[in-house]
Amino acid sequence: MSDFPFGFGLPQEPEDGESGKSSRNDRGGGQGPADNPLAALFGGGGGMNSQDLGAAFQQLGQLLSNDSGPVNWDLAQNVARQTVAQGAPDGSRDRSVDSQERSQVAEAMRLADLWLDSVTSFPSGAGSAVAWSRAEWVEATLPVWRELVDPVAERVGAAMGQVLPEEMRAMAGPLMGMMRSMGGAMFGTQIGQAVGTLAGEVVGSTDIGLPLGPAGKAALLPQNVAALGEGLGVPQDEVRLYLALREAAHQRLFAHVPWLRSHLFGAVDGYARGIQVDTSKLEGLVGQIDPGRPEELQEKLQQGLFEPEDTPEQKAALARLETALALVEGWVDAVVHAAAQPHLPSASALRETLRRRRASGGPAEQTFATLIGLELRPRRLRDAARLWASLTDARGSQGRDALWTHPDMLPTAQDLDDPDGFVHREQLDFSELDQLLGDAAGGGSSPRLDKERGSEDERGEGDERGPEGGGGRGA
């Protein structure tokens with residue numbers, strides 16, 4: 001994976017075109033020049049015969065006529081399959097999931113849900129448990145990648161269209177369409193490579209703290225689960241069960257907190273709206289590309305030509321996203337540890353392994369940095385986990401989970417600095433809000449309403465709750 005955002009690096013062709021025995025891999029394996037014309041034309045395809053070259057040009061023509069959006073997702077899917085077919089960075093090749101592995105995953109998920117019932121008030125969030133190959137993970141998660149990446153690609157594509165003066169834009173309609181198509185193809189190539197690489201490392205559908213798979217479907221990748229467990233000195237069934245606990249806990253949270261998904265994805269979209277591309281670099285590029293060397297455009301793009309600049313809007317959106325991710329991952333960490341500790345001797349060791357993997361800037365962060373210049377590292381993971389554990393001790397699992405009722409009830413970044421203050425701070429019981437509003441609307445008086453008003457009078461006007469007191473909160 002390239003280290004530069006918006007670099008549009010191109011994958012190499014697989015050596016033998018074989019990716020495994022599954023039908024999905026057969027569809028994705030053996031990608032030739034016709035399946036990736038950009039790699040064929042710009043990636044050094046010197047060994048192509050005339051038939052391959054003709055197929056590549058035909059496919060390229062189809063790509064340039066594709067104006068379905070800021071990213072060519074058909075190309076992204078093909079490149080992702082091809083990258084999976086090449087094998088993971090550790091040299092392992094994708095393979096189909098056998099019946100024994102499917103049974104092991106199903107049993108691990110069943111037991112995980114049973115253990116989680118005793119430590120959280122949220123019921124099971126998964127209607128089914130599946131075991132995926134790497135290629136199946138790509139197929140299942142691409143729709144969500146599209147939702148995450150399109151806003152950023154749209155913003156960068158708009159900046160490309162602003163390079164030419166307005167009067168030239170009106171005259172260069174076909175040329176502008178070709179530029180959009182080329183940009184979509186290049187985005188698709190880079191995204192496909194990144195997602196295909198990530199497929200060789202993830203262990204489930206929620207590794208990055210976002211629900212990438214279909215709703216209600218808990219998933220593990222047995223091949224990657226086994227690779228993660230190698231060298232830990234922990235039995236594979238314990239590793240599988242601990243990862244199943246994490247997957248099942250994520251599923252419960254996203255299934256029973258309906259606003260959470262849109263809250264997280266909205267922060268990513270807010271980041272995209274704040275992108276300001278340095279068009280002076282693009283302007284300097286106009287007129288400098290040799291028409292006889294189309295690969296020069298690829299070289300320029302690989303230099304990070306479209307790297308976005310930080311803006312106040314982006315920083316604010318990133319802060320919201322980091323806090324929300326820390327709260328999600330911290331809740332999962334605390335709940336899974338409470339469920340695993342009585343049953344798994346290696347629970348503490350596995351917890352530390354997953355914490356380090358999640359917080360050290362692993363594959364998820366690299367992928368997002370490459371795709372949209374955005375890091376998804378929950379920097380306050382340990383702080384959030386301690387806060388959720390303290391809330392469990394003080395209020396029980398039901399009182400802790402009730403904070404997910406509304407985003408304004410969640411801890412803020414400031415609360416992570418003072419977890420004890422948040423834990424012992426009085427919280428309004430939203431379950432009684434309807435009764436309070438009904439009494440007020442009816443003009444009547446109730447003991448509960450009088451008590452609330454009396455408490456406010458005792459505090460006085462000078463005791464208004466600002467950011468430190470929990471008012472006007474936002475995760």
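**Burial, packing and salt bridges in the predicted model**

Ala108 is buried, its relative accessible area being 6%. This value, like those that follow, comes from a predicted model. Ala108 belongs to helix α5, which covers residues 99-116. Apart from neighbours within four places in sequence, the contacts of Ala108 are with Arg240, Leu241 and Ala244. One of these partners, Ala244, lies 136 residues from Ala108 along the chain, yet the C-alpha atoms of Ala108 and Ala244 are 6.0 Å apart.

Helix α10 spans residues 236-256. Its 21 residues should extend over 30 Å at 1.5 Å a residue, and the separation of its end C-alpha atoms, 30 Å, agrees with that expectation. Helix α10 is largely enclosed by the rest of the structure, because 17 of its 21 residues are buried.

At the level of the whole chain, the model contains 21 helices and 4 strands. Of the 475 residues, 50% are classed as buried. Among contacts between residues at least 6 apart in sequence, 79% connect residues at least 24 apart. The mean pLDDT of the chain is 74, with 58% of residues at 70 or more. Residues 444-475 have pLDDT below 50, and this stretch makes 35 contacts in the model beyond near neighbours in sequence. Residues 40-46 likewise have pLDDT under 50, and 13 contacts beyond four places in sequence are found for them.

The largest nonpolar core comprises 89 residues. The residues with the most contacts inside this core are Trp137, Trp145, Leu260, Leu264, Trp331, Trp388 and Trp404. Helix α14 supplies the largest share of the core, 13 residues.

Asp333 is also placed in helix α14, which runs over residues 312-340. With a relative accessible area of 4%, Asp333 falls under the 20% cut-off and is therefore buried. The side chain of Asp333 makes a polar contact of 3.0 Å with the side chain of Arg355. When neighbours within four places in sequence are set aside, Asp333 is in contact with Arg351, Arg355, Leu381 and Ala385.

A further buried position is Leu210, whose relative accessible area is 0%. Leu210 occurs in the loop that connects α8 (173-198) to β2 (217-220). Leu210 and Val328 are separated by 118 residues in sequence, whereas their C-alpha atoms are 9.1 Å apart in space.

Side chains of opposite charge can pair when their charged atoms come close. A search of the whole structure identifies 18 salt bridges. In one of them, Glu352 pairs with Arg382 at an N to O distance of 2.6 Å. This salt bridge links distant parts of the chain, with Glu352 in helix α15 (residues 347-359) and Arg382 in helix α17 (residues 381-401), 30 residues apart. Glu352 has a relative accessibility of 25% and counts as partly exposed. Arg382, at 35%, is likewise partly exposed.

A second salt bridge joins Asp415 and Arg425, whose closest N and O atoms are 3.4 Å apart. Here too, distant parts of the chain are linked: Asp415 is in helix α18 (residues 413-417), while Arg425 is in the loop between α19 (419-423) and α20 (433-441), 10 residues away. Asp415 has a relative accessible area of 2% and is buried. The value for Arg425 is 16%, which lies under the 20% limit, so Arg425 also counts as buried.

Asp401 and Arg400 form another salt bridge, with their closest N and O atoms at 2.7 Å. Both Asp401 and Arg400 are buried. In addition, salt bridges connect Arg380, Asp383, Arg386 and Asp417 into a network.

How values were computed. Residues are numbered from 1 along each chain as its sequence is written. This is a predicted model: local features need pLDDT of at least 70, side-chain atom pairs count only at pLDDT 80 or more; totals for chains, interfaces and linings use all residues. Side-chain values use heavy atoms; hydrogens and water are left out. Helices (H or I, at least four residues) and strands (E, at least two) are DSSP runs, numbered from the N terminus. Buried means under 20% relative accessible area, exposed over 50%, partly exposed in between (1.4 Å probe, protein chains only). A polar contact is a pair of N or O atoms within 3.5 Å; within protein, one must be able to donate a hydrogen and the other to accept it, and residues adjacent in sequence count only if both atoms are side-chain atoms. Contact means heavy atoms within 4.5 Å. A nonpolar core is a set of buried Ala, Val, Leu, Ile, Met, Phe, Trp, Tyr and Cys residues joined through side-chain atoms within 4.5 Å. A salt bridge is a side-chain nitrogen of Lys or Arg within 4 Å of a carboxyl oxygen of Asp or Glu. pLDDT is the predictor's confidence in each residue, from 0 to 100. The expected span of a helix is 1.5 Å times one less than its number of residues.
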